[in-house]
Amino acid sequence: MSVDVTETVALELDDIQSGALHERPTPYVGTYLLLRIDDRAAGAELVRRLHGIVDSGRTSADPAYGAWITAAFTYRGFEALGVPQKSLDSFAPEFRQGMAARAAEIGDVGESSPANWEQPLGTGDVHVAVAALSSSQEGLEAAAEQAQQARAELSGVELIWRQDCYQLPTGRTSFGFKDGIGQPAVEGSGLPPTNPQERPLKAGEIVLGYPDETGELPPMPMPDLLGRNGTYVVFRKLHTKVAAYRQYLRAKAASREAEAFLGAKMVGRWQSGAPLAVAPEVDDPELGADPLRNNDFLYGDDPRGLKCPVGSHARRANPRDAFDADGSVDVRLHRMIRRGTSYGPMLPEGVLEDDGADRGIIFVFAGTHLKRQFEFVKTQWLNDGIFIGAPNEKDPMVGRNDGTGTFTIPQRPIRRRLQELPPFVVTRGGEYFFAPGLRALRWLAELDT
Ligand code: HEM
């Protein structure tokens with residue numbers, strides 16, 4: 001009997017933490033707690049308690065379930081728990097270095113450099129992250145209380161940071177755009193693809209212990225028990241300069257409609273979420289709100305970017321089939337799961353003056369390859385223009401622009417070029433984490449005994 005190798009792989013959903021594979025509810029409220037472990041035995045007890053409350057990929061799929069909790073560790077956190085050196089050495093080099101040490105590499109310079117980050121991000125004090133999420137405030141409070149209880153009376157574990165976040169019912173974040181739409185489907189997750197024109201990704205791109213798109217098992221931390229069913233997590237607090245962004249559009253556009261159009265060209269989607277690839281001329285809010293249609297597109301019929309600029313944020317971040325012609329880049333090796341969310345109050349619509357409030361995105365990535373997924377997209381696709389034939393252009397919305405940047409909007413008869421792009425996003429800090437599977441959590445809890 002021949003074996004169909006394209007057959008969906010069986011994922012150990014009971015062992016995988018919920019965050020990577022399952023969509024969060026809309027709307028939701030959440031909180032991130034960061035902890036420092038000062039005492040190894042207290043750390044082990046913390047992990048033992050967390051093991052009892054984190055949710056697996058199976059429970060979070062249940063819509064009746066009110067809240068869920070996930071937990072992840074930095075390299076320093078694993079050190080503090082007493083993970084043996086041989087095992088520590090087996091993690092991805094970028095994870096071992098930590099995000100702050102990767103700052104120059106990934107473009108966190110100037111205002112975004114670790115010297116300006118919010119403490120304790122990037123200091124080495126961050127050992128454990130616990131995220132609690134719920135579709136209701138009561139659910140969140142209950143989950144956050146459970147998470148807080150996990151460290152109750154543990155004198156060797158300190159709560160060092162807390163960040164609340166939320167997702168609006170519209171799914172829109174601070175610049176006004178619906179976010180979180182473009183996600184890869186993952187084989188074996190049980191969730192249908194949102195883009196029927198794309199094959200689901202091999203599970204090993206998102207969860208360790210399964211073959212990835214290369215057909216190989218991705219490098220896995222040792223022992224197997226610690227690595228299997230784990231995933232790397234990128235956590236970034238990104239401040240958004242919403243007033244500056246609105247002022248820029250106002251200065252470049254002759255009308256409110258023209259502002260919305262320019263904004264859409266920069267993102268690749270209208271604020272409603274409708275993709276330019278499908279709705280190139282006017283917004284189509286019904287399309288934007290329809291999960292069965294708002295990610296169902298490719299770019300192959302628009303090689304010059306007349307509908308969706310090749311330099312727009314979403315097209316840079318996932319060029320889909322745009323590279324198929326010469327096959328020089330395999331887009332499927334650079335996909336990621338994103339679990340972004342908002343923090344801080346929204347700037348009321350129409351306001352162009354900065355009110356001084358801190359607002360933005362908590363960007364969360366999940367995947368098995370920090371370097372070829374998150375870091376590659378950040379450096380090669382968002383902060384560089386070589387791959388689209390515009391070496392001097394960066395992502396117009398989230399790229400590291402400095403007031404001299406440009407953004408090309410292909411159109412007939414002549415293209416338009418926006419000049420003097422300022423930075424609209426500043427990194428407030430971040431960390432690379434590893435979210436182990438549930439059996440691995442138990443292994444970590446028993447390390448010290
Ligand atoms: C404050 C910073 C950011 C903002 C406001 C932002 C906003 C958006 C918006 C509005 C979309 C379109 C809606 C969607 O498809 O979900 C999008 C898509 C996307 N963004 Fe970002 N983003 C930010 C940073 C980043 C970063 C740092 C990365 C990766 C390193 C990234 C990767 C992506 C990806 C992969 C997509 C989906 C593209 C697709 O599949 O079509 N974003 N983002």
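**Exercise 1. Find which backbone oxygen the side chain of Thr341 reaches, and at what distance. Then place Thr341 in the fold and decide whether it is buried or exposed.**

Solution, step by step:

1. Start at the side chain of Thr341 and follow it to the backbone oxygen of Tyr166, which it reaches at 2.9 Å. Keep in mind that this model is predicted.
2. Next, look at the local fold: Thr341 belongs to strand S7, which covers residues 341-343.
3. Now check the accessible area. The relative value for Thr341 is 1%, and buried means under 20%, so Thr341 is buried.
4. Finally, list the neighbours. Leaving out residues up to four places away in sequence, Thr341 touches Arg24, Tyr28, Tyr32, Cys165, Tyr166, Gln167, Gly360, Ile361 and Ile362. Tyr166, whose backbone oxygen you met in the opening step, is one of these.

**Exercise 2. Identify the protein donor of the iron atom of the ligand and say which helix holds it.**

Solution, step by step:

1. Go to the iron atom of the ligand and search for protein donors: the only one is His313, through NE2, at 2.1 Å.
2. Then trace the chain around this residue: His313 sits in helix H12.

**Exercise 3. Describe the shell around the ligand: which residues come nearest, which polar contacts reach the ligand, and how do the residues divide by type?**

Solution, step by step:

1. Begin with the nearest residues. The shell has 25 residues, and Gly180, Ile181, His313, Arg320 and Arg338 come nearest.
2. Look for contacts from the backbone. A backbone N or O atom of Gly180 is 2.9 Å from a ligand oxygen, and a polar backbone atom of Gly182 is 3.0 Å from an oxygen atom of the ligand.
3. Add a contact from a side chain: Arg338 places a polar side-chain atom 2.8 Å from a ligand oxygen.
4. Turn to the elements. Those giving two or more residues to the shell are strand S5 (231-240), helix H12 (313-317), strand S8 (360-367) and helix H13 (370-382). Helix H12 supplies the largest share, 3 residues.
5. Sort by type: the shell holds 14 nonpolar, 5 polar and 6 charged residues.

**Exercise 4. Name the residues that touch the most other members of the largest nonpolar core, and explore the surroundings of Leu444.**

Solution, step by step:

1. This core has 96 residues, and Phe78, Phe95 and Leu444 touch the most other members.
2. Not counting residues up to four places away in sequence, Leu444 touches Val47, Phe73, Phe78, Leu81, Val83, Leu226 and Pro436.
3. Another core, of 13 residues, lies apart from the largest one; Ala20, Val186, Val207 and Ile337 are among its members.

Notes
Residues numbered from 1 in each chain as written. Predicted model: local features only at pLDDT ≥ 70, side-chain atom pairs only at ≥ 80, totals over all residues. Heavy atoms only, no water. Near = heavy atom within 4 Å. Polar contact = N/O pair within 3.5 Å; in protein donor to acceptor, adjacent residues only side chain to side chain. Helix = DSSP H or I, 4+ residues; strand = E, 2+ residues; numbered from the N terminus. Nonpolar A, V, L, I, M, F, W, Y, C, P; charged D, E, K, R; others polar. Buried < 20%, exposed > 50% of the residue type's maximum accessible area, 1.4 Å probe, protein only. Contact = heavy atoms within 4.5 Å. Core = buried A, V, L, I, M, F, W, Y, C linked by side-chain atoms within 4.5 Å. Donors = N, O, S within 2.8 Å, 3.2 Å for Na, K, Ca; no water.
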